[in-house]
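Colleague: I am new to this structure and would love a close look at one part of it. Could you pick a single helix, walk me through it, and then show me what lies around it?

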Protein chains: 2
Amino acid sequence: MLSKKSQYAFKALTYLSEKYKEGPVLISEIAAKKKIPLKFLESILLELKRADILDSKKGKGGGYFLKQKPEKVKVSTIIRLINGPIAMLPCVSLYFYERCKNCNEKHCGLHDMMIEVRDATLSIVENRTLKDLIV
Amino acid sequence: MLSKKSQYAFKALTYLSEKYKEGPVLISEIAAKKKIPLKFLESILLELKRADILDSKKGKGGGYFLKQKPEKVKVSTIIRLINGPIAMLPCVSLYFYERCKNCNEKHCGLHDMMIEVRDATLSIVENRTLKDLIV
DNA sequence: TTATTAGTCCATAAACTTGGTAGGCTATCA
DNA sequence: TGATAGCCTACCAAGTTTATGGACTAATAA
(Lines give C-alpha, C1' and ligand atoms only; values in the text may rest on other atoms or scores of the structure.)
Protein backbone atom coordinates (compact mmCIF):
# COMPACT_ATOMS: atom_id res chain seq x y z
CA MET A 1 0.00 0.00 0.00
CA LEU A 2 1.04 3.58 -0.62
CA SER A 3 1.57 5.53 2.60
CA LYS A 4 -0.62 8.52 3.38
CA LYS A 5 2.38 10.65 2.66
CA SER A 6 2.50 9.25 -0.87
CA GLN A 7 -1.19 9.85 -1.35
CA TYR A 8 -0.76 13.44 -0.18
CA ALA A 9 2.16 13.86 -2.53
CA PHE A 10 0.13 12.67 -5.49
CA LYS A 11 -2.78 14.91 -4.59
CA ALA A 12 -0.51 17.92 -4.29
CA LEU A 13 1.31 17.10 -7.52
CA THR A 14 -1.93 16.61 -9.38
CA TYR A 15 -3.09 19.99 -8.15
CA LEU A 16 0.17 21.60 -9.19
CA SER A 17 -0.07 19.91 -12.57
CA GLU A 18 -3.49 21.41 -13.11
CA LYS A 19 -2.10 24.80 -12.16
CA TYR A 20 1.00 24.44 -14.26
CA LYS A 21 1.82 27.77 -15.93
CA GLU A 22 -0.31 29.71 -13.51
CA GLY A 23 2.73 30.55 -11.42
CA PRO A 24 3.60 29.62 -7.83
CA VAL A 25 0.89 28.08 -5.66
CA LEU A 26 0.79 28.56 -1.89
CA ILE A 27 1.31 25.56 0.35
CA SER A 28 -1.70 26.77 2.30
CA GLU A 29 -3.84 26.76 -0.83
CA ILE A 30 -2.89 23.19 -1.69
CA ALA A 31 -3.44 22.14 1.91
CA ALA A 32 -6.88 23.70 2.02
CA LYS A 33 -8.05 22.50 -1.39
CA LYS A 34 -6.75 18.97 -0.97
CA LYS A 35 -7.38 18.69 2.76
CA ILE A 36 -3.81 17.89 3.68
CA PRO A 37 -2.30 18.81 7.10
CA LEU A 38 -0.36 21.99 6.39
CA LYS A 39 2.93 21.28 8.11
CA PHE A 40 3.04 17.73 6.88
CA LEU A 41 2.46 18.94 3.34
CA GLU A 42 5.23 21.47 3.82
CA SER A 43 7.75 18.72 4.47
CA ILE A 44 6.51 16.66 1.54
CA LEU A 45 6.83 19.55 -0.89
CA LEU A 46 10.28 20.32 0.42
CA GLU A 47 11.30 16.74 -0.23
CA LEU A 48 9.94 16.96 -3.75
CA LYS A 49 11.87 20.16 -4.26
CA ARG A 50 15.10 18.59 -3.09
CA ALA A 51 14.48 15.80 -5.58
CA ASP A 52 14.18 18.40 -8.34
CA ILE A 53 10.54 17.65 -9.01
CA LEU A 54 9.34 20.98 -7.69
CA ASP A 55 10.76 24.44 -7.35
CA SER A 56 9.66 27.26 -5.06
CA LYS A 57 9.73 30.98 -4.60
CA LYS A 58 9.76 32.76 -1.27
CA GLY A 59 8.08 36.00 -0.34
CA LYS A 60 5.01 37.66 -1.73
CA GLY A 61 3.73 36.01 -4.86
CA GLY A 62 5.75 32.95 -3.93
CA GLY A 63 4.79 29.30 -3.60
CA TYR A 64 5.50 25.96 -5.20
CA PHE A 65 5.43 24.93 -8.83
CA LEU A 66 6.49 22.04 -11.02
CA LYS A 67 10.02 22.29 -12.31
CA GLN A 68 9.11 20.47 -15.51
CA LYS A 69 5.98 19.88 -17.56
CA PRO A 70 3.59 17.36 -15.97
CA GLU A 71 4.14 14.94 -18.87
CA LYS A 72 7.83 14.82 -18.03
CA VAL A 73 7.38 13.46 -14.50
CA LYS A 74 6.89 9.71 -14.29
CA VAL A 75 4.60 8.26 -11.65
CA SER A 76 7.25 5.66 -10.84
CA THR A 77 9.69 8.40 -9.88
CA ILE A 78 7.30 9.78 -7.29
CA ILE A 79 6.49 6.37 -5.85
CA ARG A 80 10.16 5.49 -5.44
CA LEU A 81 10.95 8.86 -3.93
CA ILE A 82 8.15 9.12 -1.40
CA ASN A 83 7.03 5.55 -0.87
CA GLY A 84 10.10 3.46 -1.58
CA PRO A 85 10.55 0.26 -3.57
CA ILE A 86 7.94 -0.76 -6.11
CA ALA A 87 8.93 -4.43 -6.02
CA MET A 88 7.52 -6.71 -3.35
CA LEU A 89 10.90 -8.10 -2.34
CA PRO A 90 14.30 -6.41 -1.95
CA CYS A 91 15.90 -9.16 -4.05
CA VAL A 92 13.82 -8.24 -7.10
CA SER A 93 14.03 -4.48 -6.73
CA LEU A 94 15.85 -2.52 -9.40
CA TYR A 95 16.45 0.65 -7.40
CA PHE A 96 16.54 -0.75 -3.85
CA TYR A 97 18.14 -4.13 -4.48
CA GLU A 98 19.39 -6.22 -1.59
CA ARG A 99 20.63 -9.76 -1.86
CA CYS A 100 18.53 -12.50 -0.30
CA LYS A 101 20.14 -14.25 2.62
CA ASN A 102 19.62 -18.03 2.73
CA CYS A 103 17.78 -18.06 -0.53
CA ASN A 104 19.25 -18.84 -3.88
CA GLU A 105 17.88 -16.28 -6.31
CA LYS A 106 18.62 -18.58 -9.18
CA HIS A 107 16.35 -21.26 -7.79
CA CYS A 108 13.55 -19.53 -5.99
CA GLY A 109 9.97 -19.72 -7.13
CA LEU A 110 8.92 -16.74 -5.07
CA HIS A 111 11.73 -14.67 -6.53
CA ASP A 112 10.70 -15.55 -10.09
CA MET A 113 7.08 -14.73 -9.43
CA MET A 114 7.88 -11.43 -7.83
CA ILE A 115 9.90 -10.41 -10.86
CA GLU A 116 6.80 -10.95 -12.93
CA VAL A 117 4.74 -8.84 -10.55
CA ARG A 118 7.35 -6.12 -10.56
CA ASP A 119 7.47 -5.98 -14.35
CA ALA A 120 3.70 -5.95 -14.64
CA THR A 121 3.56 -3.01 -12.25
CA LEU A 122 6.43 -1.17 -13.91
CA SER A 123 4.87 -1.51 -17.33
CA ILE A 124 2.16 0.76 -15.99
CA VAL A 125 3.81 3.20 -13.60
CA GLU A 126 6.85 3.80 -15.80
CA ASN A 127 4.59 4.82 -18.63
CA ARG A 128 2.30 7.19 -16.79
CA THR A 129 3.09 10.76 -15.87
CA LEU A 130 1.54 13.46 -13.73
CA LYS A 131 -0.37 14.57 -16.81
CA ASP A 132 -2.23 11.25 -16.81
CA LEU A 133 -3.43 11.92 -13.27
CA ILE A 134 -5.45 14.92 -14.39
CA VAL A 135 -8.92 13.97 -15.48
CA MET B 1 7.07 -4.49 -0.03
CA LEU B 2 6.25 -7.74 1.67
CA SER B 3 7.02 -7.71 5.39
CA LYS B 4 9.65 -10.02 6.81
CA LYS B 5 6.81 -11.94 8.36
CA SER B 6 5.35 -12.55 4.90
CA GLN B 7 8.69 -13.67 3.57
CA TYR B 8 9.05 -16.07 6.48
CA ALA B 9 5.54 -17.35 5.83
CA PHE B 10 6.34 -18.06 2.20
CA LYS B 11 9.58 -19.79 3.07
CA ALA B 12 7.85 -21.99 5.60
CA LEU B 13 4.96 -22.76 3.28
CA THR B 14 7.32 -23.62 0.45
CA TYR B 15 9.16 -25.99 2.75
CA LEU B 16 5.92 -27.58 3.87
CA SER B 17 4.83 -27.89 0.26
CA GLU B 18 7.98 -29.78 -0.58
CA LYS B 19 7.36 -32.06 2.38
CA TYR B 20 3.70 -32.51 1.61
CA LYS B 21 2.72 -36.15 2.24
CA GLU B 22 5.74 -36.76 4.41
CA GLY B 23 3.67 -36.10 7.50
CA PRO B 24 3.98 -33.38 10.15
CA VAL B 25 7.12 -31.24 10.17
CA LEU B 26 8.54 -29.76 13.36
CA ILE B 27 8.51 -25.96 13.81
CA SER B 28 12.10 -26.27 14.92
CA GLU B 29 13.03 -28.09 11.71
CA ILE B 30 11.50 -25.37 9.54
CA ALA B 31 13.12 -22.66 11.65
CA ALA B 32 16.54 -24.29 11.36
CA LYS B 33 16.35 -25.10 7.65
CA LYS B 34 14.93 -21.77 6.63
CA LYS B 35 16.77 -19.66 9.23
CA ILE B 36 13.66 -18.16 10.75
CA PRO B 37 13.51 -17.06 14.43
CA LEU B 38 11.78 -19.95 16.15
CA LYS B 39 9.26 -18.13 18.28
CA PHE B 40 8.35 -15.74 15.51
CA LEU B 41 7.79 -18.64 13.15
CA GLU B 42 5.66 -20.29 15.79
CA SER B 43 3.20 -17.40 15.75
CA ILE B 44 3.15 -17.25 11.98
CA LEU B 45 2.32 -20.93 11.66
CA LEU B 46 -0.37 -20.59 14.26
CA GLU B 47 -1.91 -17.75 12.26
CA LEU B 48 -1.83 -19.89 9.13
CA LYS B 49 -3.48 -22.67 11.06
CA ARG B 50 -6.26 -20.41 12.30
CA ALA B 51 -6.81 -19.39 8.68
CA ASP B 52 -7.19 -23.05 7.73
CA ILE B 53 -4.11 -23.11 5.56
CA LEU B 54 -2.20 -25.39 7.90
CA ASP B 55 -3.06 -28.04 10.42
CA SER B 56 -0.98 -29.37 13.27
CA LYS B 57 -0.47 -32.33 15.53
CA LYS B 58 0.85 -32.18 19.06
CA GLY B 59 3.07 -34.68 20.83
CA LYS B 60 5.60 -37.10 19.46
CA GLY B 61 5.52 -37.35 15.70
CA GLY B 62 3.65 -34.08 15.63
CA GLY B 63 4.29 -30.87 13.77
CA TYR B 64 2.74 -28.73 11.07
CA PHE B 65 1.46 -29.73 7.65
CA LEU B 66 -0.59 -28.28 4.81
CA LYS B 67 -4.31 -28.80 5.14
CA GLN B 68 -4.72 -29.01 1.38
CA LYS B 69 -2.54 -29.85 -1.60
CA PRO B 70 0.00 -27.13 -2.46
CA GLU B 71 -1.74 -26.49 -5.78
CA LYS B 72 -4.93 -25.61 -3.93
CA VAL B 73 -3.42 -22.68 -2.01
CA LYS B 74 -3.27 -19.44 -3.95
CA VAL B 75 -0.37 -17.06 -3.39
CA SER B 76 -2.84 -14.18 -3.20
CA THR B 77 -4.53 -15.78 -0.20
CA ILE B 78 -1.28 -15.84 1.74
CA ILE B 79 -0.36 -12.28 0.84
CA ARG B 80 -3.74 -10.96 1.95
CA LEU B 81 -3.65 -12.97 5.14
CA ILE B 82 -0.14 -12.16 6.33
CA ASN B 83 0.75 -8.97 4.50
CA GLY B 84 -2.58 -7.27 3.91
CA PRO B 85 -3.99 -5.52 0.85
CA ILE B 86 -2.52 -6.21 -2.56
CA ALA B 87 -3.76 -2.95 -4.05
CA MET B 88 -1.75 0.23 -3.60
CA LEU B 89 -4.71 2.28 -2.38
CA PRO B 90 -7.58 1.38 -0.07
CA CYS B 91 -10.07 2.79 -2.59
CA VAL B 92 -9.06 0.24 -5.21
CA SER B 93 -8.77 -2.76 -2.91
CA LEU B 94 -11.17 -5.63 -3.38
CA TYR B 95 -10.75 -7.23 0.05
CA PHE B 96 -9.79 -4.19 2.13
CA TYR B 97 -11.83 -1.51 0.43
CA GLU B 98 -12.24 1.92 2.03
CA ARG B 99 -13.82 4.90 0.39
CA CYS B 100 -11.60 7.83 -0.48
CA LYS B 101 -12.28 10.99 1.46
CA ASN B 102 -12.12 14.21 -0.57
CA CYS B 103 -11.49 12.36 -3.77
CA ASN B 104 -14.08 11.46 -6.31
CA GLU B 105 -13.38 7.90 -7.36
CA LYS B 106 -15.27 8.43 -10.57
CA HIS B 107 -12.92 11.19 -11.64
CA CYS B 108 -9.52 10.40 -10.25
CA GLY B 109 -6.59 9.61 -12.47
CA LEU B 110 -4.61 8.03 -9.66
CA HIS B 111 -7.53 5.78 -8.79
CA ASP B 112 -7.88 4.59 -12.39
CA MET B 113 -4.18 3.89 -12.69
CA MET B 114 -4.05 1.99 -9.44
CA ILE B 115 -6.89 -0.25 -10.61
CA GLU B 116 -4.73 -1.16 -13.58
CA VAL B 117 -1.80 -1.93 -11.30
CA ARG B 118 -3.99 -4.00 -9.01
CA ASP B 119 -5.36 -6.05 -11.89
CA ALA B 120 -1.93 -6.60 -13.37
CA THR B 121 -0.71 -7.89 -10.03
CA LEU B 122 -3.77 -10.02 -9.41
CA SER B 123 -3.50 -11.65 -12.81
CA ILE B 124 -0.28 -13.15 -11.49
CA VAL B 125 -0.77 -13.84 -7.79
CA GLU B 126 -4.32 -15.18 -8.19
CA ASN B 127 -3.04 -17.73 -10.67
CA ARG B 128 -0.06 -19.02 -8.77
CA THR B 129 -0.15 -21.51 -5.95
CA LEU B 130 2.29 -22.86 -3.40
CA LYS B 131 3.15 -25.55 -5.91
CA ASP B 132 4.56 -22.92 -8.24
CA LEU B 133 6.96 -21.79 -5.54
CA ILE B 134 8.76 -25.12 -5.55
CA VAL B 135 11.57 -25.19 -8.07
C1' DT C 1 0.07 -43.30 34.71
C1' DT C 2 3.95 -40.98 33.85
C1' DA C 3 7.60 -38.96 31.05
C1' DT C 4 8.44 -36.89 26.95
C1' DT C 5 7.37 -34.43 23.05
C1' DA C 6 5.62 -30.59 20.65
C1' DG C 7 2.26 -27.22 19.77
C1' DT C 8 -0.53 -23.14 22.31
C1' DC C 9 -1.10 -19.06 24.77
C1' DC C 10 0.18 -14.84 27.03
C1' DA C 11 2.99 -11.08 28.22
C1' DT C 12 6.53 -8.08 27.13
C1' DA C 13 9.69 -5.15 24.59
C1' DA C 14 13.06 -3.01 21.39
C1' DA C 15 13.29 -0.87 16.99
C1' DC C 16 11.31 1.35 13.41
C1' DT C 17 7.81 3.82 10.76
C1' DT C 18 4.09 6.89 10.24
C1' DG C 19 1.77 11.01 10.69
C1' DG C 20 1.96 15.11 12.70
C1' DT C 21 3.14 19.69 15.61
C1' DA C 22 5.79 23.87 17.15
C1' DG C 23 8.48 27.59 16.41
C1' DG C 24 12.18 30.22 14.87
C1' DC C 25 15.01 31.47 10.55
C1' DT C 26 15.67 33.34 5.97
C1' DA C 27 14.71 35.07 1.48
C1' DT C 28 11.78 38.07 -1.32
C1' DC C 29 9.13 41.91 -2.65
C1' DA C 30 6.54 46.21 -2.32
C1' DT D 1 11.46 47.92 6.63
C1' DG D 2 7.60 45.21 7.27
C1' DA D 3 4.79 41.73 5.56
C1' DT D 4 4.85 37.44 3.17
C1' DA D 5 5.93 32.73 2.48
C1' DG D 6 8.99 29.07 2.19
C1' DC D 7 13.05 26.68 5.05
C1' DC D 8 14.91 24.28 8.83
C1' DT D 9 15.32 21.87 13.16
C1' DA D 10 13.53 19.52 16.70
C1' DC D 11 10.34 16.83 18.72
C1' DC D 12 6.65 13.50 19.71
C1' DA D 13 2.57 10.19 20.05
C1' DA D 14 0.90 6.14 18.27
C1' DG D 15 1.12 2.14 15.82
C1' DT D 16 3.48 -1.70 13.60
C1' DT D 17 7.03 -4.92 13.11
C1' DT D 18 10.00 -8.19 14.76
C1' DA D 19 10.92 -10.45 17.89
C1' DT D 20 11.78 -13.20 23.03
C1' DG D 21 10.59 -15.84 27.33
C1' DG D 22 8.00 -18.77 29.96
C1' DA D 23 4.14 -21.29 31.51
C1' DC D 24 0.38 -24.38 29.83
C1' DT D 25 -1.90 -28.18 27.36
C1' DA D 26 -2.57 -32.06 24.33
C1' DA D 27 -0.82 -36.34 22.36
C1' DT D 28 1.91 -40.32 22.43
C1' DA D 29 4.68 -44.19 23.96
C1' DA D 30 6.56 -46.93 27.50
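Modeller: Happy to; we will start with one helix of chain B and work outwards from there.

Please keep in mind that this is a predicted model. The helix to look at is α1 of chain B, which covers residues 4-18. Let us begin with its length. At 1.5 Å a residue, its 15 residues should span 21 Å, and the C-alpha atoms at its two ends are 21 Å apart, so the expected and modelled spans agree.

Next, how many residues of α1(B) are buried? Most of the helix is covered, with 11 of its 15 residues buried. Going along α1(B), you will find S6(B), Q7(B), Y8(B), A9(B), F10(B), K11(B), A12(B), L13(B), T14(B), L16(B) and S17(B) among the buried residues.

What do these buried residues pack against? Within chain B, their partners are α2 (27-34), α3 (38-50), β2 (63-66), α4 (75-83) and α6 (130-133). Chain A joins in as well, through its α5 (109-125).

That last partner takes us to the contact between the two chains. Chain B brings 28 residues to it and chain A brings 28 residues. On the side of chain B that touches chain A, α1, α5 (109-125) and α6 of chain B each supply at least two residues. The most comes from α5(B), with 9 residues. Sorted by class, this side of chain B holds 17 nonpolar, 6 polar and 5 charged residues.

Our helix also has a place beside the DNA. Around DNA strand D there are 25 residues, and the nearest are S3(B), K4(B), P37(B), K39(B) and G59(B). Two or more residues of the surface near this strand come from each of α1 and α3 of chain B, and likewise from α2, α3 and β2 of chain A. The largest share is that of α3(A), with 4 residues. By class, the surface near DNA strand D has 7 nonpolar, 8 polar and 10 charged residues.

Now turn to the other DNA strand. DNA strand C is surrounded by 22 residues, the closest being S3(A), K4(A), K39(A), G59(A) and G63(B). Here the elements that give two or more residues are α1 (4-18) and α3 (38-50) of chain A, along with α3 and β2 of chain B. In this case α3(B) gives the most, with 3 residues. The surface near DNA strand C divides into 6 nonpolar, 7 polar and 9 charged residues.

G59(A), one of the residues closest to DNA strand C, is worth a second look. It belongs to the hairpin of β1(A) and β2(A), which has 5 residues between the strands, and takes a positive phi near 75 degrees there. The strands themselves, β1 (residues 54-57) and β2 (residues 63-66) of chain A, pair in the antiparallel sense over 4 bridges. Within that pairing, S56(A) stands opposite Y64(A) in β2(A).

Finally, step back to see chain A as a whole. Chain A has 6 helices and 2 strands, in the order α-α-α-β-β-α-α-α along the sequence. Its C-alpha atoms fill a box of roughly 60 × 25 × 25 Å along the principal axes, and 33% of its 135 residues are buried. As for confidence, chain A averages a pLDDT of 95, and 100% of the residues score at least 70.

Note on methods:
Residues are numbered from 1 along each chain as its sequence is written. Chains are lettered from A and ligands numbered from 1 in the order in which they are written. This is a predicted model: local features need pLDDT of at least 70, side-chain atom pairs count only at pLDDT 80 or more; totals for chains, interfaces and linings use all residues. The expected span of a helix is 1.5 Å times one less than its number of residues. A residue is buried if 20 or more other C-beta atoms lie within 10 Å of its own, exposed if 12 or fewer, and partly exposed in between; C-beta atoms are placed from the backbone. Two residues are in contact if their C-beta atoms, placed from the backbone, lie within 7 Å. pLDDT is the predictor's confidence in each residue, from 0 to 100. Ala, Val, Leu, Ile, Met, Phe, Trp, Tyr, Cys and Pro count as nonpolar, Asp, Glu, Lys and Arg as charged, and the others, Gly among them, as polar. A residue is near a molecule or strand if its C-beta atom, placed from the backbone, lies within 6 Å of it. Two strands pair if DSSP finds at least two bridges between them.
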